[in-house]
Amino acid sequence: MIEKSVRELSADLHARRVSSEELTRHFLSRIARHDGRLNSFITVCEEQALAAAREADIRLAEGRAGPLTGIPYAHKDIFCTEGIRTSCASRMLDNFIAPYDATVTEKLRQAGAVMLGKTNMDEFAMGSSNETSYYGPVRNPWDTERVPGGSSGGSAAAVAARLTPLATGTDTGGSIRQPAALTGITGIKPTYGRVSRWGMIAFASSLDQGGAMARSAEDAAYLLAAMAGFDPRDSTCADRPVDDYVAHLEDDLGGLRIGLPKEYFTGDLDARVGACIEAAVKVLEGLGVVFRDIHLPHAHLAVPAYYVVAPAECSSNLSRYDGVRFGYRCENPRDLEDLYKRTRGEGFGAEVKRRIMIGTYALSAGYYDAYYLKAQQVRRLIAADFRNAFEEVDLILGPTTPAPAFRLGEKVDDPVTMYLSDVYTIAVNLAGLPGLSAPCGFIDGLPVGMQLIGNYFEEARLLNVAHRYQQETDWHRRRPPGFD
Amino acid sequence: MALGPSDVEKIAHLARLAIDPTDVETYARNLSDILAFVDQLESVDTRDVTPMAHPLDMTQRLREDVVTETDRREHFQAIAPAVDKGLYLVPRVIE
């Protein structure tokens, strides 16, 4: 049951070979059995999941079911869920029960998907290792002494360990793709605006985007199809039809032009990761893809530009946590300023505080032009690099991360080194483009991911290429030992 | 640009963040490292480059000027730390 695809599970559900309740109980029991080693869930909602499963079984019996009806999924704890705690992995929201559902939550409910629980993550999605969570780090199922990546580390670890067939994620600088790569699963961050941000707790609003995490591109296509679409409640949501991702999975790749950015294959890349990407190129060439070298001349400035833009937006977004209307409040405040300062000082962890301070500094009088304006100008140059590249090629391929999963604690004390683990993913968010990571090999038992980058709203193409690749390879079928 | 402890205290005040005095040195070092890293941005000439505030060229949509939200005050205030008679309570501001 745990190795079946969403399409196969859905066929079983529709044919009444299995009920959603049985399926849901099966995954809940796997969570109970295995998650003590991973800490991938902050909240497991057994009761609500079983109720949703029974509801799905009624829909299936009455013929009102779609492809996700009755299929369990795990929801990143950044999406608001009415009546179930949404913590964003922060002490600040440890007691927060949202009074409404995020649009994504609502859409998945309407699709009949069954939410198993809320997954662990870096606090407020700020981190690349899942070590900044108030609820403790998530461990990588391939080696529990290593990180699963972040910020969607709980979702990634849960999918990799087969604790759920599907999981949601969000990606501001690589938070879907980087953990997908480090845990050997498939994750897609769509074009900015493709998935509604309404009810998705904000970190950096011009970069944040929700997306899908699954074992295969095919499974991710089903999940993304249910998440994507216009939402009038999100003023930045794209008002254009959603492509039929599933229908395009089998499209022929003959003559497709894919660019390999020279700047992504330098000394900063672990040569063994480079070799995995080269092997993937060979597989895709066999499917008719034509490769050529391209240049993204400002690639090296993406991480520095991001660490101005994202903290600036974060400092503004997180000013709402003031201890007055919801969330954590300090004990016995002396006065209003003490209430604000201690609430925030006690409610936020170190990385969140660092980013709020960097953003506050970059936006403060006298420094705005040197930091924020400059970073926004560089952002334009980075987006222009991609625009120029897409005049020559249809897609871009490269590594997702410079190296496989690192050890817990290895980078916590050195923020800049930690930030550089997103060196290949961040530019995609600055430009607002869609990106996908899919497993393409192993190094010493640890998964390696390749990243496909598409032009705006080319999600169907990314999923198509990854799916065709996965029909030729079995990296995405490997299961971490000890999670039978 | 390197930040000292007094810079950190000033920024923390602007951000309304209480910082443990024993952590100020560490924050000063971390923030200085991040700013030094960010300083690479100066290596590129950006004269005449229009700042990019948003990834998509889009304009704000307008909607009909009609009421779409219902009154859910009690629902929202149920999760507030302190309320009284429909009001949010904070420490006394005016003596």
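A crossover between two strands is right-handed if, with the strands pointing away from the viewer, the path from the first strand over the helix to the second runs clockwise. In this predicted model, such a right-handed β-α-β unit is made by strand S7, helix H8 and strand S8 of chain A. Here S7(A) spans residues 257–261, H8(A) covers residues 271–286, and S8(A) takes in residues 290–294.

Strand S7(A) is a good place to begin a tour of this part of the chain. Its pairing with S8(A) is parallel and rests on 5 bridges. A parallel pairing also links S7(A) to strand S9(A), residues 395–399, this time over 2 bridges. Gly259(A) takes part in both pairings: its bridge partner in S8(A) is Arg292(A), and its bridge partner in S9(A) is Ile396(A). Of the 5 residues of S7(A), 4 are buried, so the strand is largely enclosed by the rest of the structure.

Another glycine, Gly345(A), belongs to helix H10 of chain A, which runs over residues 336–347. Its relative accessibility is 11%; because buried means under 20%, Gly345(A) falls in that class. Leaving aside residues up to four places away in sequence, Gly345(A) touches Lys353(A) as well as two residues of chain B, Leu17(B) and Ala18(B). Gly345(A) and Met92(A) are 253 residues apart in sequence, yet their C-alpha atoms are 9.7 Å apart in space.

Turning to the open spaces, the largest pocket holds about 940 Å³. It is lined by 29 residues, and those closest to its centre are Tyr100(A), Trp198(A), Gly199(A), Arg320(A) and Phe76(B). By character, this lining comprises 14 nonpolar, 7 polar and 8 charged residues.

The second largest pocket has about 490 Å³ of space. Among its 27 lining residues, Asp268(A), Pro402(A), Leu420(A), Val423(A) and Tyr424(A) are the closest to the centre. Two elements of chain A, helix H6 (177–183) and helix H9 (302–317), each give two or more residues to this lining. The lining of the second largest pocket divides into 15 nonpolar, 7 polar and 5 charged residues.

Enclosed spaces complete the picture. Across the whole structure, 4 cavities of 30 Å³ or more are found, and the largest has a volume of about 70 Å³. Its lining consists of 14 residues, with Ala125(A), Gly127(A), Ser175(A), Tyr306(A) and Asp422(A) nearest the centre. In this lining, 8 residues are polar, 4 are nonpolar and 2 are charged.

Notes
Residues numbered from 1 in each chain as written. Chains lettered and ligands numbered in written order. Predicted model: local features only at pLDDT ≥ 70, side-chain atom pairs only at ≥ 80, totals over all residues. Heavy atoms only, no water. Buried < 20%, exposed > 50% of the residue type's maximum accessible area, 1.4 Å probe, protein only. Pairing = 2+ DSSP bridges. 1 Å grid on protein atoms, 1.4 Å probe; cavity = no way out; pocket = protein on both sides within 12 Å on 5 of 7 lines; lining within 4 Å. Points joined across faces, edges and corners; volume = space filled by probe spheres on them. Nonpolar A, V, L, I, M, F, W, Y, C, P; charged D, E, K, R; others polar. Contact = heavy atoms within 4.5 Å.
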